[in-house]
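Please find below my notes on this entry, set out as numbered points. They are meant to be read beside the sequence and the coordinates.

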Amino acid sequence: MNENSPSEKTSQENALLLRKLAREIASRKEAEQLLEQKGLELYESNMQLSLALKQLEKQSQKDMRKFEFEQQIDEVLIQFGRAFLSRRLDDALLSSFLDGLTRSNVIKSVFLNVSSTQLPALNIDEFECIEHKRLEAIVTNVTWQGDQLYVPLKMANSAVGELIFITIPGEVNKDFIVSQVRLVGELLCSALSRQIMINETIDARTRAEESERSTKEFVAMINHELRTPLNGLLGSAELMADTTLNDVQSSYLGNLTQSGELLRTIINDLLDFSKMNAGMMELIPTQFSWKELEQMVLGIFTPKAMEKRIEFNISLESDIPQGLIGDVERISQILVNLVGNAIKFTSSGSVSLIVNWVAGRLSLKVVDTGIGIAKENQANLFDPFIQADRSSKRNFEGTGLGLAICKQLVDLMGGGLKLDSEIDKGSTFTVLLPLEIAVGTDSESIEDSKQESEKSIEGLSILVVDDIRMNQIIINQMLKKFNLAADIGNNGIEALDAVEKNKYDIIFMDCRMPEMDGFEATAILRKDGYNKPIIALTAGTTLSERDKCIESGMDDILTKPYTASGLHQIITKWI
């Protein structure tokens with residue numbers, strides 16, 4: 001076996017080292033290339049991550065601005081949603097609302113364009129900006145024009161105005177802006193609708209109050225205009241009855257008196273019905289005795305019953321208190337209507353008024369043997385203008401208001417009215433009226449009162465102030481029946497002059513007169529120290545008119561048309 005020489009052995013070792021070195025250099029280069037590739041990949045990854053982080057940050061800012069805008073709009077909606085419900089929509093509130101919208105990070109300014117006819121109480125021009133009106137006509141749909149957003153305000157499916165938003169360009173997309181401002185538009189539309197409704201309600205109330213005031217003034221005026229000539233008619237008839245008349249003249253006078261009384265009834269019914277509809281019917285309680293009512297009813301209806309040859313009587317089933325408190329004029333009206341109807345619809349037999357006092361209530365039962373009322377007609381009998389027979393061939397005339405007024409008066413007094421009737425057998429009307437018993441009204445005190453009222457009134461100095469010549473003649477002639485005479489004044493100015501020159505025990509003062517009315521004249525007389533009785537001569541029958549008489553300084557009221565007995569009674573009352 002040959003051994004290599006040392007030189008050969010060294011050469012082999014060097015060759016091995018060179019190959020090993022070459023492999024190491026190649027491995028190092030390969031490693032460096034791999035490291036360079038990985039570094040490049042890492043750099044690219046870092047760049048992508050940085051870009052992703054920037055995009056995420058940008059999206060977060062966009063979402064935050066969107067969230068802030070939504071929150072700001074919600075705050076405005078909550079704040080002014082409450083304000084619009086609790087306050088009237090005015091310039092200040094509307095201006096504050098629009099300013100609140102501009103505090104958001106998206107809306108720079110807001111302008112309102114709405115028809116001034118919709119809200120005449122608002123100064124709409126203050127909220128308009130002419131240069132931002134894109135079109136002459138109001139938009140009907142949400143419209144963008146650059147950064148300007150037009151939102152229609154719709155009520156009852158029609159556009160009545162628009163909100164114009166000047167927006168700040170940014171990351172919040174337009175669809176989201178539109179969704180938010182739509183809520184603003186809906187809230188404002190609700191506020192505008194509510195305000196329009198309030199305005200219409202106020203206008204309607206104002207018109208109703210004006211209508212009611214006009215109605216009351218008309219009723220008061222027509223009341224005066226109708227009762228004043230009626231005073232002349234009935235007063236003349238009463239005075240004529242005291243003169244010497246032949247049979248023919250007496251017959252004519254009877255016809256005149258009956259026609260006048262019928263006219264008075266019709267006028268009273270029409271005026272009372274008008275007052276009830278106008279809400280002017282009010283009770284005026286006074287002290288009275290049943291005997292007064294009984295004598296009044298007998299005086300009116302006994303001659304009428306005798307004329308028809310039927311029996312008429314009044315019977316008391318129990319003791320009636322000597323003194324009662326109630327509206328005696330309205331109670332009389334109820335009795336006159338019910339008894340008058342009973343006599344009118346009774347051709348044979350009788351009419352009875354049965355009176356009773358039961359548990360603090362005055363019971364008045366009117367029973368007749370007349371034609372009766374069919375069942376089918378009874379339900380509507382108390383309605384106005386209703387009669388059992390409304391044909392042109394009916395036997396009995398009338399307005400159909402009497403029973404309706406009776407029912408309303410009884411209801412106003414807190415009482416009850418009932419009807420029982422059969423055809424050809426008759427009818428029974430029962431009235432129950434709760435009345436108070438007057439204190440200190442025993443028979444002895446009443447008799448003393450009667451004696452006091454019958455004392456002599458001769459020699460009194462009286463002044464009558466009335467602008468109508470007929471009324472002057474009638475009251476003077478009535479006074480002559482009691483041996484009295486009066487000085488006459490035509491208006492309030494003449495009354496003041498007369499009182500300055502003479503001393504009068506009592507003054508009768510008309511209320512409505514030219515130059516100076518009775519209210520003003522009375523107030524001046526009281527201010528100047530005149531302290532004797534002043535009695536109002538008036539056709540007014542409402543409580544407000546009576547209150548006006550008392551407030552001006554008058555002591556009492558003599559309502560037209562008046563009678564001689566009524567005149568005598570009020571003189572003895574105050575002298």
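1. K481 has a relative accessible area of 39%, so this lysine counts as partly exposed. The model is a predicted one. The side chain of K481 meets that of D242 in a salt bridge, with 2.8 Å from N to O. K481 sits in the loop between helix 10 (469-480) and strand 14 (486-489), while D242 sits in the loop between helix 3 (174-241) and helix 4 (247-277), so the pair ties together parts that are 239 residues apart in sequence. D242 is also partly exposed, because its relative accessible area is 49%.

2. Which residues are linked with K481 in a network of salt bridges? They are E238 and D242. In total the structure holds 10 salt bridges, and two further ones are taken up in the next points.

3. K407 and D411 form a salt bridge in which the closest N and O atoms are 2.9 Å apart. Both residues belong to helix 8 (residues 402-412), and they are four residues apart, about one turn of the helix. In contrast to the K481 pair, which joins two loops, the K407 pair stays within one helix. K407 has a relative accessible area of 26% and is therefore partly exposed. D411, at 42%, is therefore partly exposed too.

4. The side chains of K560 and D510 meet in a salt bridge at 3.3 Å, N to O. K560 is in the loop between strand 17 (556-559) and helix 14 (564-574), and D510 is in strand 15, so this pair ties together parts that are 50 residues apart in sequence. Are the two residues buried or exposed? Both K560 and D510 are buried. Side chains of opposite charge can pair when their charged atoms come close.

5. D510 deserves its own entry. UniProt, in an unreviewed entry, lists D510 for "modified residue: 4-aspartylphosphate". The residue is found in strand 15, which covers residues 506-510. Its relative accessible area is 1%; since buried means under 20%, D510 counts as buried. Leaving out residues up to four places away in sequence, D510 touches V465, D466, D467, G518, L537 and K560. The side chains of D510 and K560 also make a polar contact, at 3.3 Å.

6. D517 lies in the loop between strand 15 and helix 12 (518-527). With a relative accessible area of 26%, D517 is partly exposed, whereas D510 is buried. What does the side chain of D517 reach at 2.9 Å? It is the backbone nitrogen of E520. Apart from neighbours within four places in sequence, D517 is in contact with G492 and C511. The C-alpha atoms of D517 and I493 are separated by 8.6 Å, and these two residues are 24 apart along the chain.

7. On the surface, L40, Y43 and M47 make a nonpolar patch of about 330 Å². One of these residues, M47, has its place in helix 1, which runs over residues 6-86. M47 counts as partly exposed because its relative accessibility is 45%.

8. Some totals for the protein follow. There are 14 helices and 17 strands. How much of the protein counts as buried? Of its 575 residues, 40% do. The protein exposes about 32,700 Å², and carbon and sulfur atoms supply 52% of that area. Among contacts between residues at least 6 apart in sequence, 68% join residues at least 24 apart.

9. To draw the points on charged pairs together: the K481 and D242 pair joins two loops, the K407 and D411 pair lies in helix 8, and the K560 and D510 pair joins a loop to strand 15. K481 and D242 are partly exposed because their relative accessible areas are 39% and 49%, whereas K560 and D510 are buried. The modification named for D510 comes from the UniProt record, and the annotation may be inferred rather than shown by experiment.

Notes
Residues are numbered from 1 along each chain as its sequence is written. This is a predicted model: local features need pLDDT of at least 70, side-chain atom pairs count only at pLDDT 80 or more; totals for chains, interfaces and linings use all residues. Side-chain values use heavy atoms; hydrogens and water are left out. Patches are made of residues with over 30% relative accessible area and no salt bridge: like charges are joined within 9 Å, nonpolar side chains (Val, Leu, Ile, Met, Phe, Trp, Tyr) within 5 Å. Accessible areas come from the Shrake-Rupley method with a 1.4 Å probe; for residues, only the protein chains shown count as cover. A salt bridge is a side-chain nitrogen of Lys or Arg within 4 Å of a carboxyl oxygen of Asp or Glu. Buried means under 20% relative accessible area, exposed over 50%, partly exposed in between (1.4 Å probe, protein chains only). Contact means heavy atoms within 4.5 Å. A polar contact is a pair of N or O atoms within 3.5 Å; within protein, one must be able to donate a hydrogen and the other to accept it, and residues adjacent in sequence count only if both atoms are side-chain atoms.
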